[in-house]
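Please read the following with the structure open beside the text, since each paragraph takes up one part of the fold and then passes to the next.

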Amino acid sequence: NAKFGAYIQNKSRFNVVTSASGAYSSTISQIRVTLQGNHVYGANATTGIVTTEGTVPIAVRVIDSRGREANASYNRTVLAYSNPAISTFTASRNEATETIVNFAMNFNVVTLGNANDKEYILDYRQIAPSVSGWTTLINSTSYYTRNFTHDSGEVFVEDNTYEVRFRVSDYFTTATLIRTINPTFALFNYNESGRGFALGGLSTG
């Protein structure tokens with residue numbers, strides 16, 4: 001991959017160019033390239049995607065028209081890669097101030113030698129009683145991995161329903177999780193005596 005100057009697990013292929021010639025008037029009848037047990041053929045062969053990391057061997061076999069065989073093996077280094085991962089994303093209204101939502105988040109992006117892109121975005125939108133567009137709470141490109149909490153500020157109306165979304169991106173893809181923030185409104189409200197209730201409001205009698 002040109003961006004990283006390296007081969008990337010589950011992303012890269014090998015282009016293997018083989019120069020061979022026959023001896024004593026023979027010609028080359030077959031060139032076979034083997035990677036991870038799979039074969040491709042030809043003097044300019046492109047393998048399938050490499051799925052392992054570390055030192056990866058590539059085997060080349062050349063056969064001429066007289067059935068003579070020559071073999072060579074080459075090693076290439078492949079950087080380990082996995083998609084961005086969100087291991088924690090929780091969101092709940094603050095018990096003391098219910099217009100505030102408390103978040104906890106934990107994520108990881110593979111660095112690829114600190115050449116990988118990295119970004120995380122936390123945003124929200126109202127979905128009831130009406131639907132609004134997304135509003136950003138956090139947008140950062142500072143971390144490959146982070147375990148942290150965040151308080152929203154008083155932006156979540158108590159009687160409305162919201163979606164909150166956490167996205168973590170790298171050069172290749174984005175991981176996304178969405179949670180729902182429910183309203184604090186209670187259909188039945190019982191007064192302190194336990195002998196009365198109100199429908200959709202505060203019971204005082």
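Not counting residues up to four places away in sequence, D64 touches S26, T27, I28 and S29. The model in which these contacts are found is a predicted one. D64 itself is found in strand 6, and with a relative accessible area of 9% it counts as buried, because the limit for that class is under 20%.

From these contacts the reader can turn to the loop between strand 2 and strand 3, where Y24 has its place and where S25 lies as well. Y24 is not a glycine, although it has a positive phi of about 55°, and S25, likewise a residue other than glycine, has a positive phi near 70°. As to accessibility, Y24 counts as exposed at 65%, and S25 is exposed too, with a relative accessible area of 75%.

Strand 2 and strand 6 appear again at the largest pocket, which has a volume of about 220 Å³. The elements that give two or more residues to the lining of this pocket are strand 2 (15-17), strand 6 (54-64) and strand 7 (69-79), and the largest share, five residues, comes from strand 7. In total 14 residues line the pocket, and of these V16, V17, T18, V60 and Y74 lie nearest its centre. Sorted by class, the lining holds ten nonpolar, three polar and one charged residues.

Further along the chain there is an open sheet of four strands, in the order 11-10-13-14, with antiparallel pairing. Strand 11 (135-140) and strand 14 (174-181) stand at its edges and have a single partner strand each, so one side of each is left without a neighbour in the sheet. On average, neighbouring strands of this sheet are turned by 15° against each other, when direction is ignored. Strands of a sheet in general pair through backbone hydrogen bonds, in either a parallel or an antiparallel manner.

Within this sheet, strand 10 (residues 119-128) and strand 13 (residues 161-169) pair in the antiparallel sense over nine bridges, and R125 stands opposite E163 in strand 13. Where does the chain pass through a cis peptide bond? The bond from A128 to P129 is cis, with omega near 10°, and P129 lies in the loop between strand 10 and strand 11. The reader who follows the chain through this loop arrives at strand 11, one of the edge strands of the sheet.

Note on methods:
Residues are numbered from 1 along each chain as its sequence is written. This is a predicted model: local features need pLDDT of at least 70, side-chain atom pairs count only at pLDDT 80 or more; totals for chains, interfaces and linings use all residues. Side-chain values use heavy atoms; hydrogens and water are left out. Two strands pair if DSSP finds at least two bridges between them. Axes are lines fitted to C-alpha atoms, for helices over the stretch in contact, and angles run from 0 to 180 degrees between N-to-C directions. On a 1 Å grid over the protein atoms alone, a cavity is a set of points where a 1.4 Å probe fits but cannot get out, and a pocket is an open set with protein on both sides within 12 Å along at least five of seven lines; lining residues have an atom within 4 Å of a point. Grid points are joined across faces, edges and corners, and a volume is the space filled by probe spheres set on the points. Ala, Val, Leu, Ile, Met, Phe, Trp, Tyr, Cys and Pro count as nonpolar, Asp, Glu, Lys and Arg as charged, and the others, Gly among them, as polar. Buried means under 20% relative accessible area, exposed over 50%, partly exposed in between (1.4 Å probe, protein chains only). Contact means heavy atoms within 4.5 Å.
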